Structures are given as C-alpha cells and as structure tokens.
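Here is a short briefing to read alongside the sequence and the 3D view. Keep both open as you go through the bullet points.

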Amino acid sequence: MSNCKDLKWTIVGAGNGGQSVAGHLGFMGFDVTIYDICREPIEAIKKQGGVFLEGVVKGFGSVYATNDLEEAILRADIIMVITPALAHGHIAKDCAPYLKDGQVIVLHPGATFGALAFYKVLKDESCKADITIVETSTLIYACRLNKSGTARILGIKDRLQIAALPAIKTEEVVGILKGAYPQIEGLENVMMTSLDNTNPMIHPPATLFSTSLVESNKEWLFYWDGITNSIGNFIEEMDHERLNIAKKLGYKMDAIKDQYRVEYHAEGENLSEIFRKTDAYSGVYGQKTLKTRYILEDIPMGLVPFVSLGKKLGVKVERMETIIKLSEFMLQQDLTSYGRSFENMGLDKMTMDEIIELVING
C-alpha cells in the first residue's frame, strides 16, 4: 500500500472527532468519505460538500458523506473508526461482511484493548479478509462541534502513538499514516497503546469527585475547575497503578504529567496546574450528568480491562477498583459485566506469553 495522497480514507463516526478528522484530511487534499448511522450530520455535510474548520485550523475540507456502510467500506484503503469505544463491537460486526484484503482499520482511539476486542468480533463473524487493525492511544485533536458540518479544533497533539495488530505490521502502517500525521510514533505493540490510554485515569475520578459541580446546573470547565489539587493527586496515584502494570510487563510508559509535557507543552508543579496550563482545555466545559462517556465508556472500556490485566499480573489496582465500585454505586448500574475483561475477550485461558505472542504475530 502506498503512503501517497491517492489513498482513500473512510471515517466511521460523524461526531466531534470524526468530523474534525474528516474535515482536516479533506483540507489537506486527501480523498475522504465519512459515514454515520445518523442521517442529520451526514445530510449537513453532504449539502455543503464537506466540513468547515475553525480554531487552530481554519478552512474547508471536501468530504464525501454517506449513510451506506457498505459503500463507505468498499471505497476505503484506510478505515478510521472515531466513535465511543462502546460502539466498536457493533461496528466490527457491521463491517465484517464488506472488508477486503489489504485494508487498514484504525481505532482512533482504541481505548484499552480496542484492537484485541475488534479482532475477536471479526473472528467471531468469520471475517476472512487479510486486514491490519491499528489502535491509537488517544484522539489527535481536542475538538468540539459548533454544528454539524462545522468543527472547531481547539488543539492538535504534537505526538500520536500507535501500534498495529499484529505488531509486525506497525512499521509499515506508521509509514502510511505519517503522510497525513507526521507526529505519529510507533509503539512496540497494542498492549503499550492500551496501557498509554490515560482517559480512564483522568475522566472517571474527576467526574465523580466533581458531582456537586456536575449537578449544579452551573457552567464549569472540566479540567480547569474540576481537577483541584486533591483530585489531581488522586489521579496521579491511580496513574501509578497503570505504570506498575506496564512495569510488570517490562514496558516503560510516560506518566500523565510527562504525556502533557510532550503533547501539549504544558508545565506545572502538579497535575492540577498542568491541566490549567493546557490551552486546548480552556473551552472544555463540564458535563451536566454523571451519565456521561467519562463514566459509561471509560469504566468498562478502560478501567475494567486495566483491573483485569492488573489482577492477572498480580499488581495492586486498589484505586481503580474503588473508582469502578463508586461509579456503580453512584449511577446504580452495572459497569463491569460487559467490559473488556480478559474473560469477555476470550483471553482468560491464555498465559501472558501467549497473549504477547498474539499481539506480536497475530
């Protein structure tokens, strides 16, 4: 597969991230299709022929829009899935009949174990296409939608780490994707991109500990108002559990502080101060309900797999477990049984050596 601009991209998901990526790729001159099951955003993009961009990127990107998944998949060399991780399983099942040899699927981001979960569904659906599944550790933009067809990119990260499943394809995929995003770096395998996912370290505790703000009906800034020194300190301590899991596997990962220094050039004495010095977060307002993706997605698709891996390795994950249980108490609902545990992904009977072999060689 070439890494030239003649490659065709399909973006699955027309939310904040999907429209921002599609618009920016179109603005850069790539052939881009965007798909969503919802008609409203697709009709808006179709009517104007693309996406208007505001913020740190200003302009217009030509984008072809469709509600026909088969058409969207068959047009693509690169399929970039930019949806809540909760939708990954459904998307894998729906895409399975249309995938063809040589396509690259990019979960942007993959949350935790996204590539492995996507792979399991394709296998369960008897998909025979020879494809490569890639996951990123985060979304490259901080972005919001003003309205359908107009995306506001608040900030672009200076680094985007990715890995392929199988890992032997990572170098090839990095070469392809760098044509659009030169800040892409390859990691050793998808265990590392999953372990690099710090959204579950930040979003659930900051949301839970800010419940009075969430339910106040007042306007508040999630990162600037919600993450006080004490909350920031708890997040850092929970992040140590993530780093201990990585260390047990022999991986050296960046702490949250170091991630923000690299990706946003934000400095500070503690995490709270670093967030307040991240300019891209100046317009990120807090939610009005606890029933938000910061809980409903980041617990089952983030903390649950971290805890599952930690227990398999014998690493203490007390703070992660506390946040999961507190979330279930506060929302009065189960967030665990359907999460990305090793059992649900069919990996519970495998040793860690066998799992590592799978992520490296497929």
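What follows is a tour by topic, from annotated spans to helix packing, buried spots and backbone details. Please keep in mind that this is a predicted model. Two spans carry UniProt domain annotations, one covering residues 10-106 and one covering residues 188-328.

**Annotated spans**

- According to UniProt, in an unreviewed entry, residues 10-106 are annotated as "domain: Glycerol-3-phosphate dehydrogenase NAD-dependent N-terminal".
- In the model, residues 10-106 are 37% helix and 29% strand, and the C-alpha atoms at the two ends of the span are 10 Å apart.
- The unreviewed UniProt entry also lists residues 188-328, under the name "domain: Opine dehydrogenase".
- Residues 188-328 are 63% helix and 0% strand, with 34 Å between the end C-alpha atoms.

**Helix H16 and its partner H15**

- Helix H15 runs over residues 299-313 and helix H16 over residues 318-331; their axes come within 10 Å and cross at roughly 140 degrees.
- An angle over 145 degrees would count as roughly antiparallel, and H15 and H16 are therefore oblique to each other.
- The crossing of H15 and H16 is left-handed.
- On the H15 side, the residues that meet H16 are Ile 299, Leu 303, Val 304, Phe 306, Val 307 and Lys 311. On the H16 side, they are Met 320, Glu 321, Ile 323, Ile 324 and Ser 327.
- Sorted by class, the contact of H15 with H16 holds eight nonpolar residues, one polar residue and two charged residues.

**Helix H16 and its partner H8**

- Helix H8 (residues 199-208) also packs with H16, at an angle of about 45 degrees and with the axes 10 Å apart.
- That angle makes H8 oblique to H16.
- H8 and H16 cross in a left-handed way.
- From H8, Met 201, Pro 204, Pro 205 and Leu 208 meet Met 320, Ile 323, Leu 326, Ser 327 and Met 330 of H16.
- This contact of H8 with H16 is made up of eight nonpolar residues and one polar residue, with no charged ones.
- Met 320, Ile 323 and Ser 327 of H16 appear in the contact with H15 and again in the contact with H8.
- How many of the 10 residues of H8 are buried? Nine of them are, and H8 is mostly covered.
- The buried residues of H8 run through Pro 200, Met 201, Ile 202, His 203, Pro 204, Pro 205, Ala 206, Thr 207 and Leu 208.

**Two buried residues and their surroundings**

- Phe 118 sits in helix H5 (residues 114-124). Its relative accessibility is 1%, so Phe 118 counts as buried.
- Which residues does Phe 118 touch, not counting those up to four places away in sequence? They are His 88, Ile 91, Ala 92, Ile 105, Leu 107 and Ile 133.
- Phe 118 and His 88 are 30 residues apart in sequence, while their C-alpha atoms are 6.5 Å apart in space.
- Thr 278 is in the loop between helix H13 (271-276) and helix H14 (293-296). Thr 278 is buried because its relative accessible area is 1%, and the cut-off for buried is under 20%.
- Leaving aside neighbours within four places in sequence, Thr 278 is in contact with Trp 224, Tyr 260, Tyr 264 and Ala 266.

**Backbone details worth a look**

- Most residues other than glycine have a negative phi, and most peptide bonds are trans.
- The bond between His 108 and Pro 109 is a cis peptide bond, with omega about 0 degrees. Pro 109 lies in the loop between strand S7 (104-107) and H5.
- Leu 165 and Pro 166 are also joined by a cis peptide bond, with omega near 10 degrees. Pro 166 is placed in the loop between strand S11 (160-165) and helix H6 (170-177).
- Ala 111 has a positive phi, near 60 degrees, and is found in the loop between S7 and H5. With a relative accessible area of 9%, Ala 111 is buried.
- His 265 has a positive phi as well, near 55 degrees, and its place is in the loop between helix H12 (256-263) and H13.
- Is His 265 buried or exposed? At 58% relative accessibility, His 265 counts as exposed.

Methods
Residues numbered from 1 in each chain as written. Predicted model: local features only at pLDDT ≥ 70, side-chain atom pairs only at ≥ 80, totals over all residues. Heavy atoms only, no water. Axes fitted to C-alpha atoms, helices over the stretch in contact; angles between N-to-C directions. Helix = DSSP H or I, 4+ residues; strand = E, 2+ residues; numbered from the N terminus. Parallel < 35°, antiparallel > 145°, perpendicular 65-115°, else oblique. Left-handed = near helix turned anticlockwise from the far one by under 90°. Contact = heavy atoms within 4.5 Å. Nonpolar A, V, L, I, M, F, W, Y, C, P; charged D, E, K, R; others polar. UniProt positions renumbered as here; feature names shortened; annotations may be inferred. Buried < 20%, exposed > 50% of the residue type's maximum accessible area, 1.4 Å probe, protein only.
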